[in-house]
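Colleague: Could you take me closely through a single part of this model, the open sheet and what packs and bridges around it? I would like one connected account, with the charged pairs placed in their structural setting.

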Amino acid sequence: MQAAVFSFSVRGAELSKKIGKYLESIGYAVRLQTVSKYAAAVGLEEMLPNHNEACKAAFKDCQTIVFVGATGIAVRTIAPYLISKVADPAVVSVDERGNFVIPLVSGHIGGANELSRCLAAYIGGVACVTTATDVNGLFAVDEWAARSHMSICSMKAAKDFAAALVDKQKVGLYLDDAFTVEGALPVNVERNLSMPIGMAITLDSELNPFPSTVRLLPRIVHLGIGCRRNTPLESIEALVLPALNKLRLDLRSIAGIASVDLKKDEQGLLAFAAKYKLPANFYTAEELNEVEGDFTPSAFVQSVVGVSNVCERSAVKDSNGGRLLLQKNSLNGVTLAIAAEALVLDFSKTGLKRN
């Protein structure tokens, strides 16, 4: 993860160093930049050619941006680069004395609200969070989905869902049968399909159990893929994409692809992973042989790679022992199996009150 911290005064630059240390402690690669007139004196990079262009660059490659200075500077600087709440980085404004930490955009999905709370505690300031669900101590579906590695299919439905909770209405909850819940449900959320508004946590990309449904797609699906040497990307797509469509699985639910380590330099596999922005994991034959389960054997595959099945074992291994959604399928020298991780839902991840 990338973060940029901008400051506009000597005092602000010194505070930015402390903020940078905190961001690094939670996993960010941080660049600290200040205006040219103070850069040499405080030992920070310059915002070149100016703070507007530095911000433009940060919007392209950073997940978090912190402005140390007046909120007005931050607002005017980011205004030309804002796209949407699902695309913008988290932007936080901190006054140069560290009294107030204010999430400006992407409070829920980008995590600016939670970052503001944690950062305020670290520097001894006050987090000024203004989103309606937060100030009322209610469940924020977009924030929870982002923290839980889920994609929201309709931001309008998510807005309607939040508005209903703010209005003290009850909303429904649907879960796929394979999913379980740990702990209590959020206030006014019930597993009741008769509600006009509700959220569905599902792998079914077409499911709409409520008149207004916030469909959340958990990123827990793993593709196990085997292939002949020099199999092109197009041959892999020809098997994988129709299979996903048949199972009504969205690409946003895919957590990664996996295969045997003999395929780690297979260009078609690597190209598929790169095209769909998926991590690719490769396991030794020994690791795959240790995977427990009933898999489709192949004597030929055993003789070549040392394991009787690549795709099914890879999918289950990559999903931490998950269940197979699709057993071995093959086409034009490519084999595919699909597995899903076990999913236990914890609604306390928002840190807000529950029933």
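Modeller: A salt bridge here is a side-chain nitrogen of Lys or Arg within 4 Å of a carboxyl oxygen of Asp or Glu. Please keep in mind that this is a predicted model. By that criterion E190 and K170 form a salt bridge, with their closest N and O atoms 3.3 Å apart. The two residues link distant parts of the chain, since E190 belongs to strand 11 (residues 189-190) while K170 sits in the loop between helix 8 (155-166) and strand 9 (171-175), 20 residues apart. E190 counts as partly exposed because its relative accessibility is 29%, and K170, at 43%, also counts as partly exposed.

The sheet itself is open and consists of 5 strands in the order 16-15-14-18-17, with mixed pairing. Its edges are strand 16 (280-283) and strand 17 (323-331), each of which pairs on one side only, and the twist from one strand to the next averages 20°. At the strand 16 side, strand 15 (residues 254-260) runs parallel to strand 16 and is joined to it by 4 bridges, with V260 standing opposite Y283 of strand 16.

Helix 9 (residues 233-246) lies across strand 14 (221-227), strand 15, strand 17 and strand 18 (334-340), and runs at about 35° to strand 18. Helix 9 also gives the largest share, 6 residues, of the largest nonpolar core. That core has 50 residues, of which F161, M199, I201, L216 and L223 touch the most other members. Taking I201 as an example and leaving aside its neighbours within four places in sequence, one finds it in contact with residues including W144, M150, L173, L216, P218, L345 and F347. A second, separate core of 22 residues includes Y28, A90, V92 and A112. In soluble globular proteins, nonpolar side chains tend to be buried together.

Two further salt bridges involve helix 9 or the loop that leads into it. In the loop pair, D265 and R229 have their closest N and O atoms 3.2 Å apart. D265 is in the loop between strand 15 and helix 10 (267-275) and R229 is in the loop between strand 14 and helix 9, so this pair ties together parts that are 36 residues apart in sequence. With a relative accessibility of 46%, D265 counts as partly exposed, and R229, with a relative accessible area of 45%, is likewise partly exposed.

The other pair joins one helix to another: the side chains of K275 and E237 meet in a salt bridge at 2.7 Å, N to O, with K275 in helix 10 and E237 in helix 9, 38 residues apart. Here the two partners fall into separate exposure classes, because K275 is partly exposed with a relative accessible area of 47%, whereas E237, with 12%, is buried. For this reading one needs the cut-off that buried means under 20% relative accessible area.

Salt bridges that share partners also join E114, R117, D134, E143 and R147 into one network, and a search of the whole structure finds 17 salt bridges. To return to the part you asked about, helix 9 lies across four of the sheet strands, namely strands 14, 15, 17 and 18, supplies the largest share of the largest nonpolar core, and carries E237, the partner of K275 in helix 10.

Note on methods
Residues are numbered from 1 along each chain as its sequence is written. This is a predicted model: local features need pLDDT of at least 70, side-chain atom pairs count only at pLDDT 80 or more; totals for chains, interfaces and linings use all residues. Side-chain values use heavy atoms; hydrogens and water are left out. Two strands pair if DSSP finds at least two bridges between them. Axes are lines fitted to C-alpha atoms, for helices over the stretch in contact, and angles run from 0 to 180 degrees between N-to-C directions. Contact means heavy atoms within 4.5 Å. A nonpolar core is a set of buried Ala, Val, Leu, Ile, Met, Phe, Trp, Tyr and Cys residues joined through side-chain atoms within 4.5 Å. Buried means under 20% relative accessible area, exposed over 50%, partly exposed in between (1.4 Å probe, protein chains only).
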